[in-house]
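The following is a walk through one protein chain, going from its overall make-up to its sheet, its helices and its surface contacts. The sequence and the structure come first.

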Amino acid sequence: VVTFPFSATRMGVAEFVEDSSLNNVCFVLTRLVVPAFTGHFHAFRQGLSKVNGHAVANSAFRTELDASGNFKNPVVVFGCIGKRAVVARDVMKYLEGKPIVEATLQGLLEAVREVPVERDATYTTQFSPEGRDNYKRQLIVSFAFKWFATISPSVPQQIRSSQGPKPGFWEARHESMSVTQTLKSTGQLTMPKAHPGSLYVGPKKEALEQSCGETKYAG
């Protein structure tokens, strides 16, 4: 990581995510080393709609399993519920050494419900003054449930809809996020000749900002 005025620092990804001092400086990530990992990694996210990819909340789960099938070195991170990614230390501490059984799942869900979700005015409107804060709380609980069901050996294979073909970052990504995508708009040629919709005007202007998550949406 290179920070202004041009000081290079090497740090682990977890340290980078949690280093709040980076909020006050300009920095550039110049190199990212992804180590080999033989454990289980899964990521989940929820967009606003099928045509709006801006994430309401997202999450990443990583763990190894010991010889008895118990959690070992679990890492749980949630995004879009605060100004920076939230590393759920209490959740990770709870999971360490526990077996993958229903009792552990119930405790996991209770621990995730205690994860603080900051107030987000982005989705606050006249018709929805409460925003989507409660929705975000429900989302991160659902992410935890999906992840637990994915790695649980007692869940039938045919209902593991979120499971990748094998453990790993690229393998666990959703198919729509692992292939080249092209955004385009086409005119409605069946409309009357003078209708504005019959003229192709090219991709939407805000497509880049939307795909990059730079645009905030309300309503």
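Two strands are said to pair if DSSP finds at least two bridges between them. By that criterion S6 and strand S7, residues 86-87, are paired, with two bridges joining them in the antiparallel sense. The coordinates belong to a predicted model.

The chain has 219 residues, of which 31% are buried. It contains six helices and seven strands, and from the N terminus on the elements follow the order β-β-α-β-β-β-β-β-α-α-α-α-α. Among contacts between residues at least 6 apart in sequence, 49% join residues at least 24 apart. The accessible surface amounts to about 14900 Å², and carbon and sulfur atoms account for 57% of this surface.

Strands of a sheet pair through backbone hydrogen bonds, either parallel or antiparallel. Here an open sheet of four strands has the order S4-S5-S6-S7, and its pairing is antiparallel. S4 and S7 are the edge strands; each has a single partner strand, so one side of each has no neighbour in the sheet.

The sheet can be followed pair by pair. S4 and S5 run antiparallel and are joined by nine bridges. Within this pair, Phe 41 is opposite Arg 62 in S5. The hairpin that connects S4 to S5 does so through two residues. The next pair is formed by S5, residues 52-65, and S6, residues 71-79, which are antiparallel over seven bridges. Leu 65 has Phe 71 in S6 as its bridge partner. The hairpin of S5 and S6 has five residues between the strands, and Gly 69 in this hairpin adopts a positive phi near 85 degrees. In the pairing of S6 with S7, Val 77 is placed opposite Val 87 in S7. Six residues separate S6 and S7 in their hairpin, where Cys 80 in the turn has a positive phi of about 70 degrees.

Helix H3 comes next. H3 covers residues 102-113, 12 residues in number, and spans 17 Å from its first C-alpha to its last, close to the 16 Å expected at 1.5 Å a residue. Its buried residues are Thr 104, Leu 105, Gly 107, Leu 108, Leu 109, Ala 111 and Val 112. Which elements cover these buried residues of H3? The cover includes S6, helix H2 (89-95) and helix H4 (133-151). A position in H4 gives a distance to go with this: Ser 142 is found in helix H4, and its C-alpha is separated by 8.6 Å from that of Leu 109, although the two residues are 33 apart along the chain. Ser 142 counts as partly exposed because its relative accessibility is 25%, and the partly exposed class lies between the cut-offs of 20% and 50%.

The count of salt bridges comes to four. One of them is between the side chains of Lys 83 and Glu 118, at 3.4 Å from N to O. This pair links distant parts of the chain, with Lys 83 in the loop between S6 and S7 and Glu 118 in the loop between H3 and H4, 35 residues apart. Lys 83 is exposed at a relative accessible area of 77%, whereas Glu 118 is partly exposed at 38%.

Arg 119 and Asp 133 also meet in a salt bridge, at 2.7 Å from N to O. Arg 119 lies in the loop between H3 and H4 and Asp 133 in helix H4, 14 residues apart. How do the two ends of this bridge sit, buried or exposed? Arg 119 counts as exposed, since its relative accessibility is 53%; Asp 133 counts as buried, since its relative accessibility is 5%. A further salt bridge joins the side chains of Asp 120 and Lys 136 at 2.8 Å from N to O. Asp 120 is in the loop between H3 and H4, while Lys 136 is in helix H4, 16 residues apart. In this pair, both residues are buried.

The surface also has a nonpolar patch, formed by Val 13, Leu 29, Leu 32 and Val 34, with about 410 Å² of accessible area together. Val 34 is located in the loop between strand S3 (27-28) and strand S4 (40-49). Val 34 counts as exposed because its relative accessible area is 67%, and the exposed class requires over 50%.

Technical notes
Residues numbered from 1 in each chain as written. Predicted model: local features only at pLDDT ≥ 70, side-chain atom pairs only at ≥ 80, totals over all residues. Heavy atoms only, no water. Patch = residues over 30% accessible without salt bridge, like charges linked within 9 Å, V, L, I, M, F, W, Y side chains within 5 Å. Areas by Shrake-Rupley, 256 points an atom, 1.4 Å probe, with all protein chains shown as cover. Buried < 20%, exposed > 50% of the residue type's maximum accessible area, 1.4 Å probe, protein only. Expected span 1.5 Å × (residues − 1). Contact = heavy atoms within 4.5 Å.
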